[in-house]
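Colleague: Could you take me through one part of this model closely, beginning with a single residue and its surroundings and then working outward to the places where the chains meet? I am new to reading structures, so please go slowly and keep the pieces connected.

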Amino acid sequence: MSVEPAVADPPRRHSRIDYWRIGWIWLALTILLVLFSIWVPTRLMGPPASPTMRAVESTMRVFSIAASPVAALVWAVAIYSLIRWKSKGRPTEDGPAVRGYGPVTITWAAVSTVLCVFLLIWGLAEMTSVTSAAEASNPLVVNVTGQQWVWTFSYPDEGNVESDQLYLPLNRPVVFHVTSKDVIHSFWVVQMGIKVDANPGVTTKTSVTPDKLGTFDVRCAELCGLRHADMETAAHVVNPADFTTWIAQNGGHT
Amino acid sequence: MTAAVISQPAQPHQPAAAGGGLMRRLNVGTAVAGGVILGLIGWLVAHSLLQDDDHGSDQVVLVTLTCWAVGFMIGIGAFNGPIGWALGRDLRREDELFLAGKDQGISRYFRFTTDHKVVGIQYLVVTMVLFALGGTLAMLIRTNLISPHSHFLNPQTYNAIVGLHGLIMIVATIIMVTGPFGNFIMPIMIGARDMAFPRLNALSLWLIVAAIPTLLSAAVLGGIPTGWVGYAPLADQAPPGMDSYSVFIIIFAVSSAVAGANITTTVLTMRARGMSWNRTPIFVYGTVASVGLAIPAFPMFMASQILLQVDRTQGGQFFVASGGGSPWLYANLFWLMGHPEVYVILIPALAALMELTPVFSRKPLFSFNAAVISIAGIVGLSVMVWAHHMYASGWAPDLNGPFMLTTEMISVPTGLLFLVILGTVWRGRVWTTVPMMATYAMLWNFIIGGVTGIYLSDVPADYALHGSMFVTAHFHYTLMGAGLTGAIGALAYWFPKMTGRMMNERAGYISFWLVQIGFNVTFMGMFAVGLAGQPRRVVTYAHLFATGNLVSTIGAYTIGIGMLVLLYAVISSWRHGDRAPANPWGGKTLEWTVPNPIPLENFEVMPVVTSDFYGYGEEPSTGADGEDAREPVHAGAPAGPAAAVVAAAPVEGEL
Amino acid sequence: MIVGGVAAVAITGFVLSTAGATPGLLKATVNGTADTAQGQLPHAFLNLATYPDSEAGEHGADGGAHPDWVSYGPTSNFEVPAHSLVTITIDQYDGGETITNPFFAKVRGTVDGTMTVDGKTMTEADPDAIGHTFTIHALPTNQDPLFVSVPLPAVSDDAPEVEGTDYPAPHVVTFSFITGGKGEYVWNCEFPCGDGYYAKFGGPMSTQGYMSGNINVV
Ligand SMILES: [Cu+2]
Ligand SMILES: [Cu+2]
Ligand SMILES: [Cu+2]
């Protein structure tokens with residue numbers, strides 16, 4: 001049993017209308033995806049509590065918008081081919097013997113390279129700005145200790161105040177010195193968009209400037225055994241005066 | 001069996017080979033017996049000698065599991081050949097035919113059989129068993145996560161199930177295309193009578209079978225608390241279930257090295273006459289790329305487990321910071337395997353879809369060269385991106401930029417693969433069979449998997465998303481949405497050739513829609529909770545994530561039902577499906593030129609290839625080399641000499 | 001087939017082995033009310049103990065699978081009333097040594113930040129002689145925050161066994177805390193006491209029913 005290899009007359013006259021229709025589907029999908037990109041991911045991530053998280057959310061938005069026309073094009077052609085070129089049951093003839101079309105391939109590769117370079121430059125710029133902003137002078141130093149399955153914090157420059165919850169003053173850069181007593185944990189302040197592993201035997205650093213009052217989530221992001229899911233605590237961002245009060249209440253000094 | 005199939009002249013008579021009689025009595029039953037007996041001996045010896053220090057129980061487990069695996073391989077007959085050769089004896093021709101499974105009916109599937117078609121079917125069954133196991137575990141995980149207060153699993157059981165699910169699924173996806181189709185279809189596709197090393201082929205399969213019980217033994221040895229990555233030093237601390245993990249990985253790495261050497265050699269040396277590289281089907285490229293990438297990758301994983309076993313059983317300090325070791329050493333070794341591995345999984349699945357898309361579009365593969373170049377590009381880049389899994393680890397912050405560069409560069413060759421498929425369906429005659437629907441599902445899912453991968457390649461965005469459910473959803477979109485979907489497409493496509501029967505189409509469609517809709521529901525829910533900040537691998541979670549998790553669980557059950565329908569379709573069609581013609585889809589590659597059932601050595605007369613296999617819509621050539629004035633454009637089949645030969649071939653063998 | 005069979009057996013065995021380990025529930029007994037900073041609240045009591053082995057707790061007299069593992073007793077699953085003063089008394093029979101994180105040598109989150117050890121009021125224990133800790137924590141977003149951590153001083157290694165028992169005289173540690181609304185909390189020991197495991201946090205430390213369990217506020 002085999003299909004007779006009938007050579008189809010390439011339906012040239014349909015091509016132009018195919019391009020237009022695909023163009024419309026592509027445009028509609030692109031608009032939908034761009035709207036989705038602007039609203040949905042950042043809404044799910046919640047309001048940012050630091051410039052770092054704001055940068056991450058704008059990255060999510062920009063990358064999604066940049067990817068929208070690409071995804072829309074792939075899906076538009078796929079959907080259109082299912083509508084326009086679907087054969088009812090087994091095809092009785094072959095399609096046109098097109099083995100490739102250099103200009104399309106080259107354009108495709110070139111556009112994706114340009115997009116890729118754009119993503120890279122964006123990412124590097126963002127990375128530099130996020131790190132340099134946090135390397136400001138006079139940061140608050142917080143020692144973060146991960147251990148199975150509790151986070152503990154201490155403030156070495158404030159008289160070694162210790163706490164099971166994180167208290168941070170508003171708008172002051174903070175540097176976290178993160179380490180672990182046992183296995184690998186990952187220190188994650190969710191709404192501030194910062195994360196660094198807590199490794200035994202070494203100290204890793206991350207920094208952020210909280211710019212929103214409120215209580216945020218500190219989670220462990222690296223599976224660390226039995227109670228990994230419960231390795232959570234709260235990060236309170238308070239006014240500087242309240243922070244000073246809190247330090248004093250816990251026997252420290254600023 | 002006629003003499004025509006055995007093309008070599010009869011060999012001179014030799015005395016009976018060592019174990020020639022014994023060989024005929026070995027099967028999976030003797031293998032299990034061998035494994036249990038040697039395992040028990042190992043346990044007794046180790047238990048009496050090694051019990052008395054901190055590492056005693058780990059040493060006992062290591063010895064016992066190793067003995068099980070060795071006993072199993074002895075019992076299946078894996079060592080008969082090497083021992084025979086060591087004693088200066090070789091197999092007689094009838095022994096070789098016995099090894100190839102001649103005239104053995106169903107029992108050849110339970111033996112150390114060298115016929116690549118038998119090995120392919122064995123791989124298919126092993127893959128399905130692994131997916132059934134891993135899928136069941138996934139259902140348990142999702143049931144537990146249906147609400148933050150389900151208390152369906154305690155945290156220990158939950159962690160163990162998460163680790164086993166991950167590892168079983170990774171192994172299943174690694175072998176799901178190159179195992180069944182790389183072994184069964186690929187040699188026929190290149191016009192070979194078997195693999196280059198038929199015994200290594202059987203060895204690679206049976207090593208996996210021997211290894212699976214060692215992994216499952218973790219369940220009764222305290223579980224794997226580390227997830228599938230086995231991160232040290234949590235792995236140093238873990239119960240003896242971790243030793244099961246190590247032994248499994250070490251055996252699996254050997255198996256993949258054996259399979260890789262075998263498939264690579266086969267493709268390099270055994271392609272039919274005339275099958276130059278530009279006539280070699282894209283699926284063959286995909287298979288070689290996959291196993292070729294596995295060859296350097298898996299030794300890394302094996303090395304990490306050997307070091308881990310030194311830590312766990314001998315008091316080593318490779319990953320113990322207080323002893324001068326480094327957890328980052330483990331993470332690096334792991335991801336040196338772990339990132340190439342995702343392309344070990346993806347490339348052959350995508351290549352299978354690229355192979356079948358021309359058949360169901362009735363058009364040549366669009367830009368064959370671009371497809372080959374992008375596969376090569378992905379292979380090259382994929383060994384240079386591993387540390388994107390370690391942006392947040394603190395290991396080498398200065399390297400984050402370079403790794404971001406290499407990672408984002410992968411999107412260029414990957415994007416070209418989309419173009420290849422889109423260009424192929426463009427103005428084609430699209431026949432929406434289940435395999436072709438799999439191509440469309442892949443286009444949908446892999447775009448989502450790819451775009452979310454770009455967020456994760458960006459260093460600051462990864463700081464926010466690393467270790468969250470977002471990552472879990474992302475790699476399920478790639479490995480399951482693109483990889484497994486491709487494998488299901490490949491199964492539906494080659495099912496008639498492998499089983500001689502057509503797969504139930506209705507059940508195929510029902511399963512397709514259930515799985516794809518369930519899949520998107522599950523992992524869209526998971527993206528949502530990941531963005532909102534739910535960590536991976538947690539047994540319970542904040543109330544904020546409850547809705548997303550409920551949605552995910554409903555989606556997961558839908559996948560489960562869809563997979564059961566697929567299982568039904570496969571089993572029932574295999575047993576009672578309509579007899580398949582030799583070429584039900586009108587494909588042009590060589591596997592469609594051999595009759596159903598396929599003769600023991602595939603081709604009575606070796607095919608000669610005069611063009612590539614994508615000549616849809618082109619003038620049929622006259623076939624034989626050089627007779628055509630133009631550059632030969634048509635495949636050796638169906639108009640080539642092979643077709644003529646095959647048409648006359650006797651129908652033999654059974655399934 | 002074989003693989004499937006082995007798998008089925010393994011999974012069944014696993015589920016059974018963990019199901020069999022599900023510990024019993026110990027409910028706090030409410031006895032009268034107490035005056036607290038938050039007004040008059042019901043007063044609930046729990047009596048626990050820590051042992052150098054697991055022969056006295058929920059694992060039965062033979063100690064179950066790991067008789068030599070340290071354990072809490074009589075069980076590891078507790079239930080206490082919401083909006084109440086909870087007083088827990090722990091008989092600490094086990095020895096100990098230096099704690100890795102001195103944070104947990106201090107009393108945290110109890111009423112007045114104190115505990116009593118053998119009748120003496122203390123705010124911290126000697127970090128070089130800690131036996132275990134009793135540390136309650138949980139997901140803070142799901143329920144009222146509750147973080148309580150109490151160090152249990154070690155019994156000295158040369159203390160003589162009390163006649164008729166296998167153990168020396170215990171330190172009796174008492175502390176109280178006030179519960180908020182209903183919630184599901186976990187507790188575990190933060191003194192690494194899983195000897196023979198990396199960071200001494202494996203074995204009993206990483207297995208529910210020894211040095212970790214649940215505490216539900218109802
Ligand atoms: Cu952790
Ligand atoms: Cu990767
Ligand atoms: Cu303890």
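Modeller: Setting aside residues up to four places away in sequence, B:D58 touches B:P240, B:D243, B:R312 and B:T313. This is a reading of a predicted model, and it places B:D58 in helix α3 of chain B, which covers residues 56-76. The relative accessible area of B:D58 is 10%, and because the limit for a buried residue is under 20%, B:D58 counts as buried.

A second residue of chain B can be read in the same careful way. B:N201 belongs to helix α9, residues 198-216 of chain B, and its relative accessible area of 2% makes it a buried residue. When its neighbours within four places in sequence are left aside, B:N201 is in contact with B:H116, B:V119, B:N183, B:M195 and B:N262.

The third residue to look at is B:I141, which is found in helix α6 of chain B, a helix that takes in residues 116-144. B:I141 is buried, with a relative accessible area of 10%, and, not counting residues up to four places away in sequence, it touches B:Y158, B:I161, B:V162 and B:H165. As for B:F152, this residue is 11 residues from B:I141 in sequence, and the two C-alpha atoms are 9.1 Å apart in space.

From here we can turn to the metal site in chain B. The copper ion (ligand 2) has three protein donors, namely B:H339 through ND1, B:H388 through NE2 and B:H389 through NE2, and they lie 1.7 to 2.0 Å from the ion. Written along the sequence, the spacing of these donor residues is H-x48-H-H. B:H339 and B:H388 link distant parts of the chain, since B:H339 sits in helix α13 (residues 327-361) of chain B while B:H388 sits in the loop between α14 (368-382) and α15 (400-409), 49 residues apart. Both B:H339 and B:H388 are buried.

Moving outward, we come to the place where chain B meets chain A. This contact takes 92 residues from chain B and 85 residues from chain A, and the area buried between the two chains is about 7600 Å², with carbon and sulfur atoms giving 68% of it. On the chain B side, B:W426, B:R427 and B:R429 supply 11% of the area that chain B buries against chain A, which is more than any other three residues supply. Four salt bridges are found across this interface, and one of the pairs that meet in a salt bridge is A:R99 with B:E618, whose side chains are 2.6 Å apart, N to O. Between chain B and chain A there are also 27 residue pairs in polar contact, both residues being at pLDDT 80 or more. Sorted by class, the residues on the side of chain B that touches chain A are 56 nonpolar, 24 polar and 12 charged.

Chain A also meets chain C, and that interface can be read in the same order. Here 28 residues of chain C are in contact with 23 residues of chain A, and the two chains bury about 2000 Å² between them, 55% of it on carbon and sulfur atoms. C:F103, C:L139 and C:F201 supply 23% of the area that chain C buries against chain A, more than any other three residues. Two salt bridges are found across this interface, and a salt bridge joins the side chains of A:E162 and C:K106 at 3.5 Å, N to O. The interface of chain C and chain A also has 10 residue pairs in polar contact, again with both residues at pLDDT 80 or more. Strands β9 (130-137), β12 (183-188) and β13 (212-217) of chain C each supply at least two residues of the side that touches chain A, and by class that side has 13 nonpolar, 12 polar and three charged residues.

It helps to finish with chain C as a whole, so that those strands have a setting. The secondary structure of chain C consists of one helix and 13 strands, and from the N terminus on, its elements run α-β-β-β-β-β-β-β-β-β-β-β-β-β. Of its 218 residues, 52% count as buried. If we take the contacts in chain C between residues at least 6 apart in sequence, 68% of them join residues that are at least 24 apart.

Notes: Residues are numbered from 1 along each chain as its sequence is written. Chains are lettered from A and ligands numbered from 1 in the order in which they are written. This is a predicted model: local features need pLDDT of at least 70, side-chain atom pairs count only at pLDDT 80 or more; totals for chains, interfaces and linings use all residues. Side-chain values use heavy atoms; hydrogens and water are left out. Contact means heavy atoms within 4.5 Å. Buried area is the accessible area (1.4 Å probe) that two parts lose on being put together, summed over both. A polar contact is a pair of N or O atoms within 3.5 Å; within protein, one must be able to donate a hydrogen and the other to accept it, and residues adjacent in sequence count only if both atoms are side-chain atoms. Helices (H or I, at least four residues) and strands (E, at least two) are DSSP runs, numbered from the N terminus. Ala, Val, Leu, Ile, Met, Phe, Trp, Tyr, Cys and Pro count as nonpolar, Asp, Glu, Lys and Arg as charged, and the others, Gly among them, as polar. Donors are N, O and S atoms within 2.8 Å of the metal (3.2 Å for Na, K and Ca); water is not among the atoms, so sites may look incomplete. Buried means under 20% relative accessible area, exposed over 50%, partly exposed in between (1.4 Å probe, protein chains only).
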